[in-house]
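Let's take a look at aromatic rings and how they sit beside one another. Have the sequence and the 3D view ready, and find the rings as you read.

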Amino acid sequence: MAVDLKRTVPAATSIEHRKSKPKPNGSLIHPRMTAAKVGGEVLRHAVLILASVIMILPFLWMILSSFKPGDEIFTSSFFALPSHWVWKNYVTAWHAAPFGRFFLNSLIIAIGVVVGQILTCSFAAYALTWVNLWGRKFWFLFIIATTMIPFESTIIPSYLVVKQLGWMNSYAGLIAPGITSVFGIFLLRQFFLTVPRELFEAARMDGCTHFGMLFRVILPLSKTVLATMSLFAFLHAWNSYLWPLMITNSTDMRTVQIGLRYMINVELGTQWPSLMAASTLIILPVLIVFLLLQKYFIRGVMQSGIKA
């Protein structure tokens with residue numbers, strides 16, 4: 001049987017040539033690009049680690065100072081361990097002011113603000129997304145533009161309104177100015193835009209009202225974004241200082257941030273160990289809330305994309 005060498009040899013050569021070609025994922029393709037990519041990842045992680053250390057250092061100094069004697073806070077190294085651990089600083093800080101009442105007040109205010117923002121921001125975001133309003137985009141941009149107005153320019157009008165309503169030195173006066181948030185409206189609206197339109201139309205065909213659509217369909221799908229918004233609202237309400245200071249005139253209605261002023265003695269000066277101990281106690285609820293909502297917070301930020 002005759003063999004056609006002219007046809008066989010090129011075929012074999014082409015097969016060997018294909019075998020010798022490196023695979024796309026092999027180590028022979030773009031070694032410089034691989035090294036550059038690894039170098040970029042190392043540089044990025046180094047920058048992130050450095051930034052994390054810089055942010056952690058003040059908290060580390062605060063915690064270490066809360067266990068030091070008063071004469072070691074500024075004389076020894078900032079991040080040196082105490083010569084002996086003074087646990088009594090926490091007891092002194094707790095009894096320097098009625099912090100039990102302050103914690104209760106701050107917790108009630110923070111929960112009230114979170115619940116209020118979930119309701120008002122959900123209604124506003126739903127209307128700006130699904131309700132056929134005239135000039136819907138214009139109203140959305142108008143609401144976003146209010147973020148350029150500083151809080152200090154609205155605090156006096158807010159104070160006068162609360163005073164006319166008779167809400168001075170009350171939980172209603174402390175909670176009312178924070179029950180809505182432009183950031184919360186923006187965050188929820190951006191997520192609502194990602195909900196498929198077909199889902200909304202199917203619910204409307206089944207006879208679902210706007211309230212039913214919001215509470216039965218949209219909000220159950222928005223748990224991660226709601227957790228993100230709740231975390232920001234809780235943090236803002238918990239750290240509020242100027243507004244509670246203005247409208248409260250009794251110790252029973254003070255908050256934890258105002259309670260830190262009790263660590264400053266006119267005659268003896270600032271009690272730094274007690275102040276650091278009280279600051280550590282005040283930060284703990286925020287850390288606990290963040291740890292509980294951490295995975296929802298990260299997922300919510302990723303899901304709420306920027307859409308027009």
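## A partly exposed pair

Start with F142, which counts as partly exposed, at 47% relative accessibility. Keep in mind that this is a predicted model. W139 is partly exposed too, with a relative accessibility of 37%.

These residues team up: W139 and F142 make an edge-to-face aromatic pair, with 6.1 Å from centre to centre and 85° between the planes. That angle counts as edge-to-face because the cut-off for this label is over 60 degrees. Both residues belong to helix α5 (residues 136-145), where they are 3 residues apart, or about one turn of the helix.

## A buried pair

How many aromatic pairs does the structure hold? There are 18 of them. One is the pair of F99 and F103, which is tilted, with 6.5 Å centre to centre and 55° between the planes.

Why are F99 and F103 about one helical turn apart? They sit 4 residues apart in helix α4 (residues 99-130), so about one helical turn separates them. Are they buried or exposed? F99 is buried, at a relative accessible area of 3%, and F103 is buried as well, at 17%.

## A cluster, and a charge over a ring

F99 and F103 also belong to a bigger picture: ring pairs join W94, F99, F102, F103, F234, W238 and Y262 into a cluster.

Finally, have a look at F140. R189 lies over the face of the F140 ring, 3.9 Å from the ring centre.

Conventions
Residues numbered from 1 in each chain as written. Predicted model: local features only at pLDDT ≥ 70, side-chain atom pairs only at ≥ 80, totals over all residues. Heavy atoms only, no water. Phe/Tyr/Trp six-rings, centres within 6.5 Å; stacked < 30°, edge-to-face > 60°. Helix = DSSP H or I, 4+ residues; strand = E, 2+ residues; numbered from the N terminus. Buried < 20%, exposed > 50% of the residue type's maximum accessible area, 1.4 Å probe, protein only. Lys NZ or Arg CZ within 6 Å of the ring centre and 35° of its normal.
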